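Biologist: Could you talk me through this one? I'd like to ask a few things as we look.

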Amino acid sequence: MKAIAATDQTAGTAGMKLVELPEPRAAINDVVVQVHAAGFVNTELISGLTAWQGLFQHGRIKAGQSVLAHGAAGAVGSMVAQLAREAGAYVIGTGRAADRQKALDFGANEFLDLAKDTLEDVGGVDLVFDVIGGDFQKRSATLVRAGGILVTVVGPTDIRPADGLTVDFVVEADRPQLSEIVQRIRDGRLRTNIGKVSSLDDAIGTFNSTDRRAGKTVIRVRP
Ligand SMILES: NC(=O)c1ccc[n+]([C@@H]2O[C@H](COP(=O)([O-])OP(=O)(O)OC[C@H]3O[C@@H](n4cnc5c(N)ncnc54)[C@H](OP(=O)(O)O)[C@@H]3O)[C@@H](O)[C@H]2O)c1
């Protein structure tokens, strides 16, 4: 561990600004820990922003529509599930069997175990939010109803629904949207997806671990 960068403790929603850059500047292979003021980590904000842009900006989801939220216990997927549900959509979350309860707790109305259940049994959906790609993306495209959309964040793709759109995008900084996310985290409408919390002393071991990670890793700087 060499570098610690801390955000302004008083900056609130503007807390993405680094105010305490390490000297000497971090080398590319240093571990950089960012400490944020408001009790959530900025990766949550990026995941939230990604979900927001996919659902509302690109997907134009509306109340009463249905969303297939892949990886619904993961960082982006858990935000997709929560935001889509809040917007009045019916959410089918997917993932591994072990994540069923977590996905339901994040707001999925139902859960599909990708290893055991048959994706095609879902029937038609208005929006697929893809965070996995590959064969699951291809098969999910066939579920998109006429006029619906496949939104993916795993890179450019040629896969298209028969009578719908595909949008692949890279999340962009957007202050008003970020404020929407922060507001929801503060008032409890959005729950963060924190996994392991480890001490600074254990940070390198934690990051180097090959164990399956569930949720975002937090390194606690103060004991
Ligand atoms: N374009 C953008 O702007 C943008 C923004 C954010 C993220 N991304 C990309 O989006 C992807 C997801 O990011 P994330 O942070 O949400 O990752 P994550 O926290 O690991 O979430 C992915 C979820 O999908 C599950 N999953 C993956 N493959 C699966 C499979 N074959 N069967 C069942 N479940 C599976 C994972 O389970 P396991 O953990 O058990 O594998 C995990 O729960 C990454 O490729 C990331 O680079 C792109």
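Biologist: Let's start with α2: how many of its twelve residues are buried?

Modeller: Bear in mind that this is a predicted model. The buried residues of α2 are Ala75, Val76, Gly77, Ser78, Met79, Val80, Ala81, Gln82, Leu83 and Ala84. The helix is therefore largely enclosed by the rest of the structure, and the buried count out of twelve is ten.

Biologist: What does α2 reach from its first C-alpha to its last?

Modeller: At 1.5 Å a residue, 16 Å is expected for its twelve residues. The model comes close to that, with a reach of 17 Å.

Biologist: And which residue just after α2 takes a positive phi?

Modeller: Look just past the end of the helix, where phi is about 95°. The residue there is glycine 88.

Biologist: Now the ligand. Which element gives the most to the shell around it?

Modeller: There are 19 residues around the ligand, and the closest are Gly71, Gly74, Ala75, Val76 and Val171. Two or more residues of that shell come from each of α1 (42–58) and α2 (75–86). The top contributor gives three residues, and that is α2.

Biologist: How many residues of that shell are charged?

Modeller: The shell divides by type into ten nonpolar residues and six polar ones, plus the charged group. That charged group numbers three.

Biologist: On to the largest nonpolar core: which element gives the most to it?

Modeller: This core has 41 residues, and those touching the most other members are Val67, Ala69, Val80, Ala84, Val128 and Phe129. Elements that each supply at least two residues include α1, β4 (66–69), β7 (125–130) and α5 (175–187). The biggest share is seven residues, and it comes from α2.

Biologist: Where does this core lie with respect to domain 1 and domain 2?

Modeller: Domain 1 covers 3–43 + 175–220, and domain 2 covers 48–168. Both give residues to the core, so its place is between them.

Biologist: Which residues does valine 80 touch, beyond those up to four places away in sequence?

Modeller: Valine 80 is one of the core residues that touch the most other members, and it is also among the buried residues of α2. Setting aside anything up to four places away, its partners are Ala51, Gly54, Leu55, Ala69, Ala72 and Phe129.

Biologist: Let's move to aspartate 126. Is it buried or exposed?

Modeller: Aspartate 126 lies in strand β7. Its contacts beyond four places in sequence are Gln65, Ser66, Val67, Arg145 and Gly148. Glutamine 65 is 61 residues away in sequence, yet the two C-alpha atoms are 6.0 Å apart. With 23 C-beta neighbours inside 10 Å, where 20 or more is the cut-off, aspartate 126 counts as buried.

Biologist: How far apart in space are glycine 215 and alanine 75?

Modeller: Glycine 215 is found in the loop between α6 (203–208) and β11 (216–220). It counts as partly exposed, with 17 C-beta neighbours inside 10 Å, and its contacts beyond four places in sequence are Asn193, Ile194 and Gly195. Although glycine 215 and alanine 75 are 140 residues apart in sequence, their C-alpha separation is 6.2 Å.

Biologist: What about glutamate 110: how many other C-beta atoms are within 10 Å?

Modeller: Glutamate 110 sits in strand β6. Its C-alpha is 6.8 Å from that of valine 91, 19 residues apart along the chain. Glutamate 110 is partly exposed, and the C-beta count within 10 Å is 13.

Biologist: Which residue other than glycine has a positive phi near 50°?

Modeller: Try the loop between α1 and β4. The residue in question has 11 C-beta neighbours inside 10 Å and counts as exposed. That positive phi belongs to arginine 60.

Biologist: How far apart are the end C-alpha atoms of α5?

Modeller: α5 has 13 residues, and at 1.5 Å a residue these should span 18 Å. The modelled helix agrees, and just after it glycine 188 takes a positive phi of about 90°. The distance between the end C-alpha atoms of α5 is 18 Å.

Biologist: Last one, for the whole protein: what percentage of its residues count as buried?

Modeller: The protein has six helices and eleven strands. Of its contacts with a separation of 6 or more, 48% join residues 24 or more positions apart. Taken over 223 residues, the buried share is 34%.

Definitions and conventions:
Residues numbered from 1 in each chain as written. Predicted model: local features only at pLDDT ≥ 70, side-chain atom pairs only at ≥ 80, totals over all residues. Near = placed C-beta within 6 Å. Helix = DSSP H or I, 4+ residues; strand = E, 2+ residues; numbered from the N terminus. Nonpolar A, V, L, I, M, F, W, Y, C, P; charged D, E, K, R; others polar. Core = buried A, V, L, I, M, F, W, Y, C linked by C-beta atoms within 7 Å. Domains from an automatic or database assignment. Contact = placed C-beta atoms within 7 Å. Expected span 1.5 Å × (residues − 1).
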